[in-house]
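Trainee: Could you take one small part of this structure and walk me through it slowly? I'd like to see how the details connect to the bigger picture.

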Amino acid sequence: MRVLVAGLNHKSADVEVREKLAFTGEKLEQGLSAILALPQVKEAIIISTCNRVEIYMGVEDPGEATGQVKQFISAFHSIPEKLLDKALYFHNDSPAVRHIFRVASSLDSMVVGEPQILGQVKAAFQFALEKKATGVLMNRLMKKAISVAKRVRTETKVAENAVSISFAAVELARKIFNDLGGKSVLLLGAGEMAELAARHLMNNGVREIVVANRTFERGCELAQDFNGRAVTFSAFKDEMVHSDIVICSTGAPNYVVFKQDLHNIMKERKQRPVFMIDISVPRNIDPKINGLENVYLYDVDDLQGVVDSNKNERGKEAQKAEDIITGEVDVFERWAASLQSIPTVVALRQKAQCIGEAELERLFNRVPMDEKQQGAVRQMATAIVNKLIHSPTAALKEDVEDRDLFIAIIRKLYDLS
Amino acid sequence: MGAITFDISLAFYFCAMIFSLLDLSKSTKTKIFPKLMLLSALVGFGFHTVYIFYTGFMAGHVPFVNPREATSFFAWCIFLLFFILEYRYKVGLMGSFITPLAFLLMFISFILPPEMKPLSPVLRSQWLGVHTVFAFLANAAFAMAAGVGFMYLVQEHYVKSKHLGGLFSRLPSLHVLDEINYRLVTAGFPLFTIAIISGSIWADNAWGSYISWEPRQIWALVTWLIFGIVLHARLQRGWRGRRAAALSILGFLTIIGAFAGLALLQKGSHVFL
């Protein structure tokens with residue numbers, strides 16, 4: 001069995017496509033059982049977040065499975081296959097293993113090092129586990145991915161990046177407002193990174209946090225978290241008149257806030273300064289807004305630039321993380337390869353046992369024996385079978401480079417079909 | 001004795017300026033330079049104060065009646081306000097922007113001829129003291145407003161351009177700079193108004209008319225108008241931040257223009273300006 005991943009992320013697809021392909025609510029369970037029903041797929045896990053939708057599978061033949069999975073996704077979400085071609089990526093075997101390791105370690109995130117993804121991976125694994133959708137391969141893969149992510153977090157400074165981005169945002173806010181005490185923060189949309197930045201601002205004593213989200217209920221939940229209040233998304237322009245800091249991550253594919261809007265808002269605000277943080281990729285705030293007086297607009301790249309004053313150091317940390325992952329991919333691959341010999345080991349054992357059973361049957365039919373005698377002969381037969389297959393089994397399980405050759409030879413010698 | 005105290009204070013101001021510039025150029029967070037700067041400035045200020053009282057005592061009237069004394073007193077007023085702001089706001093790097101300006105004024109004062117012409121009797125009046133002290137305090141406030149406004153423009157440039165290197169981390173926040181600028185202008189404006197009113201009363205006493213429309217007086221009115229606009233625009237239209245900073249710099253440049261141009265021309269009935 002081999003690892004296959006089919007997915008799309010913030011780099012390969014717009015939020016509109018991502019939303020259409022998302023497995024949310026009941027769709028997750030339905031999707032999972034539908035995938036498992038595909039002839040090629042033995043195990044499956046679905047990871048579906050704001051920024052990515054990925055299906056990890058244990059399959060027999062990745063080539064054949066790819067076609068089946070694509071068909072399934074297209075049918076399940078009723079999207080023509082042609083549209084999927086651009087958005088979907090497929091990896092199998094070690095690139096797939098590397099991919100999930102990078103995802104869990106947050107190296108593939110919109111904001112590298114963002115901490116939520118690991119929790120999401122864990123939750124997806126847990127769900128699949130409960131639904132009994134996983135087996136040896138996926139269990140091992142996910143457990144390994146989680147432990148690799150933890151290694152990356154503790155052994156490198158990659159995780160500090162996201163923290164330092166929101167830290168940079170707070171520092172900037174301080175350089176604009178000096179004291180954040182009386183300031184009001186507006187969250188436009190409720191992405192993961194925005195939440196982190198808002199939490200940082202809250203810890204620095206902002207007066208109020210207001211959430212304007214497209215889904216009002218989600219906005220309410222988040223607002224409750226912050227002891228703030230939620231407003232409908234359409235009301236955000238009115239709210240901006242009173243907001244000193246605006247954090248935007250709606251995930252919309254185009255601009256949501258335009259220069260003219262803000263021009264009018266600034267008039268109403270009597271030009272009191274506004275600090276705007278656009279965390280969305282692609283951007284949701286027209287960059288021209290930075291040209292307005294008393295408006296300071298930073299997007300993720302700008303904040304990254306602020307953090308990146310020590311770029312070399314960061315590059316080194318990312319490289320360190322990639323090295324950890326490369327090492328772990330090797331370890332996993334070796335284990336996965338040992339999995340390949342299991343069918344042969346089982347077949348060999350079965351064959352030997354069958355022969356043993358058949359011969360015992362014949363012997364007992366020809367020579368009458370009492371139970372005690374039968375037991376002793378049976379014991380001897382089992383011992384001979386076990387001892388004979390011990391060395392080839394051990395050789396199969398051994399971690400050697402030409403394992404495929406071993407398997408082929410043993411299958412040939414013992415005539416295992 | 002007067003000359004010596006002046007020279008000593010000039011020397012200390014010079015040290016203060018050097019320390020403030022070292023503070024500016026040092027990326028390390030050494031706290032020694034701001035302290036040395038403040039100490040030298042305070043010692044210089046002490047000698048400077050002695051000098052002003054001594055010359056005033058010798059002349060028998062406020063000692064700001066020639067260009068040399070006027071520029072020196074201007075510098076004194078700036079240092080006074082600087083100490084007050086330093087105590088009140090503890091703003092990083094303000095010394096680096098203010099002490100060079102104040103030292104420059106002292107140096108100009110130093111190279112100007114030390115003429116001690118007796119004051120013409122027609123100008124001898126209690127209005128001389130009122131007018132000059134308020135005028136210089138107001139001008140010092142405007143000079144500081146310009147200096148702080150310049151700091152605002154530098155800091156805003158960092159934030160807007162998103163290159164947060166250089167002095168970004170050491171300069172104060174935009175809010176604080178804007179507020180100090182605003183405070184200075186609101187303090188300077190009434191002082192300047194009092195100076196203009198007392199000046200015209202004084203002129204009326206001396207020459208029999210409140211205003212003689214000579215260049216210096218027109219410049220003063222222009223300056224008054226500019227800062228009046230700065231205040232009005234800020235309060236009514238929210239012209240804060242960059243615009244307020246730029247306008248206060250413009251206002252201060254008009255004052256300097258008046259000082260330099262008219263002091264050199266030495267025309268009109270206005271004594272030294």
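Mentor: Let's start at A:K237, which is partly exposed in this predicted model, with a relative accessible area of 35%. Since partly exposed means between 20% and 50%, that value puts A:K237 in the middle class. Its partner is A:D261: the two form a salt bridge, and their closest N and O atoms are 3.5 Å apart. Now look at where each one sits. A:D261 is in helix α12 of chain A and A:K237 is in helix α11 of chain A, so this pair ties together parts that are 24 residues apart in sequence.

Stay with A:D261 for a moment. Helix α12 of chain A, where you find it, covers residues 259–268. Is A:D261 buried or exposed? Its relative accessibility is 17%, so it counts as buried, the cut-off being under 20%. Its side chain also reaches the backbone nitrogen of A:F258, at 3.1 Å. If you skip the neighbours within four places in sequence, A:D261 is in contact with A:K237 and A:V256.

Helix α11 of chain A has another charged link to show you. The side chains of A:E239 and A:R229 meet in a salt bridge, 2.9 Å from N to O. A:E239 lies in helix α11 (residues 236–240) of chain A and A:R229 in strand β7 (residues 229–232) of chain A, so here the parts tied together are 10 residues apart in sequence. A:E239 counts as buried, at 9% relative accessibility, while A:R229 counts as partly exposed, at 35%.

Elsewhere in chain A, a network of salt bridges links A:R52, A:E54, A:R102, A:D108 and A:E322. Over all chains, the count comes to 26 salt bridges.

Next, a lysine in a loop. A:K183 lies between α8 (160–177) and β5 (184–188) of chain A. With a relative accessible area of 18%, A:K183 is buried. Leaving out residues up to four places away in sequence, A:K183 touches A:F177, A:V206, A:R207, A:E208 and A:D244. Compare that with A:A145: it is 38 residues from A:K183 in sequence, and the two C-alpha atoms are 41 Å apart in space.

Now zoom out to chain A as a whole. Its secondary structure comes to 17 helices and 10 strands. The radius of gyration is 29 Å, well over the 22 Å that the globule rule gives for 417 residues, so chain A is more spread out than a compact globule. You can see this in the C-alpha trace, which spans about 110 × 45 × 40 Å along its principal axes. Of the 417 residues, 49% count as buried. Among contacts in chain A with a separation of 6 or more, 70% come from residues 24 or more positions apart. For a helix with plenty of buried residues to look at, try α5 (residues 94–104) of chain A, where the buried ones include A:A96, A:I100 and A:F101. After α5(A) comes A:S106, whose phi is positive, near 65 degrees.

Charged pairs also bring us to the other chain. Across the interface of chain B and chain A, the rule finds 2 salt bridges. One of them joins B:R243 and A:E293, whose closest N and O atoms are 2.6 Å apart. Another is made by the side chains of B:K162 and A:D302, at 2.8 Å from N to O. That pair crosses from the loop between α5 and α6 of chain B, where B:K162 sits, to helix α13 (residues 300–307) of chain A, home of A:D302.

How many residues are involved? 25 residues of chain B are in contact with 21 residues of chain A. Together, B:K160, B:K162 and B:R240 supply 35% of the area that chain B buries against chain A, more than any other three residues. The area buried between the chains is about 1800 Å², and carbon and sulfur atoms give 50% of it. There are also 13 residue pairs in polar contact between chain B and chain A. By class, the side of chain B that touches chain A has 10 nonpolar, 7 polar and 8 charged residues.

Finally, peek inside chain B. B:I180, in helix α6 of chain B, counts as buried at 1% relative accessibility. Beyond its neighbours within four places in sequence, B:I180 is in contact with B:L85, B:Y89, B:V91 and B:V148.

Note on methods
Residues numbered from 1 in each chain as written. Chains lettered and ligands numbered in written order. Predicted model: local features only at pLDDT ≥ 70, side-chain atom pairs only at ≥ 80, totals over all residues. Heavy atoms only, no water. Contact = heavy atoms within 4.5 Å. Buried area = accessible area lost by both parts, 1.4 Å probe. Salt bridge = Lys/Arg side-chain N within 4 Å of Asp/Glu carboxyl O. Polar contact = N/O pair within 3.5 Å; in protein donor to acceptor, adjacent residues only side chain to side chain. Nonpolar A, V, L, I, M, F, W, Y, C, P; charged D, E, K, R; others polar. Helix = DSSP H or I, 4+ residues; strand = E, 2+ residues; numbered from the N terminus. Rg over C-alpha atoms; globule rule 2.2 N^0.38 Å. Buried < 20%, exposed > 50% of the residue type's maximum accessible area, 1.4 Å probe, protein only.
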